[in-house]
Structures are given as C-alpha cells and as structure tokens.
Amino acid sequence: MAGRLRTPTGRYGGKTAEERKSERRRRFLDAGLQLFGDAPGYRATTVSALSEAAGLSTRQFYEEFRTLEDVLAALHLQVNDWAEEAALTGLAEADGLPIEGRATAAFRAYAANVTGDPRRLRITFVEIIGVSPRLERQRLARRSRWIDFVCAEATAAAVRGEAVPRDYRIAAAAFIGSVNGLLHDWSSGWVDASLDEVVDELVGLLLGILRPAGWRSEGS
C-alpha cells in the first residue's frame, strides 16, 4: 500500500468542531455588543449586518441562533454575569470589613464594570427595554437576582448587628431601581459628578435603608 488513510479526528485548522462552534458564537456576540450597544442599535440591525460585522455568513448565524433577539438575550445575560462577578470579587476583597466597607467595595466594582464599556450600559438599560414579553421576563428575572443579592447582604449585616432586622425585599427593589436609574443618567451625561461620587451616593442610600433614623445597634 502506498499509505494509510488517517483516522478522522474531528479537527480542522487545529480546532475541534466544538471549538469552532464556540468561536463562531463568540464572534456573533462580539459583533452584537458593538452593533446593539453602539450604532445602529438592536432595532436597526439586520442578520446580514451582524453576520458581516462578525466576518461570518448568515448561514452560520442560523446555525448558532434562531433570531437577533436570541443574540440580545445572550448579551443581556452576559453583561449581567460580568457585573455580578465584579461585585462578588469586590465583596471577597472586603471580607471582614464593616458593612460600609463591603457595600462600597461591591458597588465600586459593579459600577466600574458596567460603566467601563458604554455598550454594556446601553444593552442593559436601553436596548433590552420593550423588545418582547420574553425579554421583559428575562430582564425582571435578572433584576430579581440583584434584589436577592442586596437582600442577602442586608440580612447578613442584620445578623452581625450592623443593620435593623427586617424584610428587605421591597427596599432592595427600590434601591436597585435607583442604581439602574442613576448609573444610566450618569452615563448619559445628565448627572454632573464623578463615578466615585455616584457610588458614594448609592452607598449612602443603602446605609440609610439598613440603618433608619433612630435605630441603634445592640453594641452602641
């Protein structure tokens, strides 16, 4: 025999089929972050334009996603995952500090993450709004997750004697609305302040919720 046929390895260009699929998906999401989060925005983007920006074909798009809405949904979750990871990292670095230090570290890390790339802010606070009932459910579900995050920290602070013991869910929902609104307005240039000043204001608001007027810790 002149030679033997090689056993198929499923690799092409040094990458497996799964690796190529993952890379295509990432390229579509990167293109979506740019087009949805900057110009022309989600509603003015077509599958053809997104595919061209990703350097891929529309056929490859439909191998990864059903609709452009699926891309927006994935980006919304990804942006929130990045922000949550940043906030958790901030908390970990402030482990053992009083609630003032923990809250400041968490929200400074969160704010730096979501405002560090204006495209992320636009996707989270602008483009996701009013697209469909499905994305509205996703948006509210993700907001509920942030509310749970605040409630968990508030409850832990109460156990340590640093906050009044109570049900924080309504207050946390109001606080998250304030966070979203203030950061959006700041990023749009409507709030004349530094990001640190914005974070300090949010931390002060949270501490006012945790320690209402007249409340004193048991140790004070």
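In this predicted model, the lining of the second largest cavity sorts by class into nine nonpolar residues, one polar residue and no charged ones. The volume of this second largest cavity comes to about 80 Å³. Around the second largest cavity sit Ala87, Ala106, Phe107, Tyr110, Trp146, Phe149, Val150, Ile176, Val179 and Asn180. With Asn counted as polar, Asn180 in this lining accounts for the one polar residue. As for where the walls come from, H5, H7 and helix H8 (169-187) each put at least two residues into the lining of the second largest cavity.

Now for the wider picture. Counting cavities of 30 Å³ or more gives three. The largest of them has a volume of about 100 Å³. Its lining is made up of Leu91, Ile99, Arg102, Ala103, Ala106, Phe107, Phe149, Val150, Glu153, Ala154, Leu206 and Leu210. Two or more of these lining residues come from each of helix H5 (99-115), helix H7 (133-159) and helix H9 (195-210). H5 gives the largest share of the lining of the largest cavity, with five residues.

In class terms, the lining of the largest cavity holds 10 nonpolar residues, no polar ones and two charged ones. Arg and Glu both count as charged, and the lining of the largest cavity includes Arg102 and Glu153.

The two linings also share some names. Ala106, Phe107, Phe149 and Val150 appear in the lining of the largest cavity, and Ala106, Phe107, Phe149 and Val150 also line the second largest cavity.

Conventions: Residues numbered from 1 in each chain as written. Predicted model: local features only at pLDDT ≥ 70, side-chain atom pairs only at ≥ 80, totals over all residues. Heavy atoms only, no water. 1 Å grid on protein atoms, 1.4 Å probe; cavity = no way out; pocket = protein on both sides within 12 Å on 5 of 7 lines; lining within 4 Å. Points joined across faces, edges and corners; volume = space filled by probe spheres on them. Helix = DSSP H or I, 4+ residues; strand = E, 2+ residues; numbered from the N terminus.
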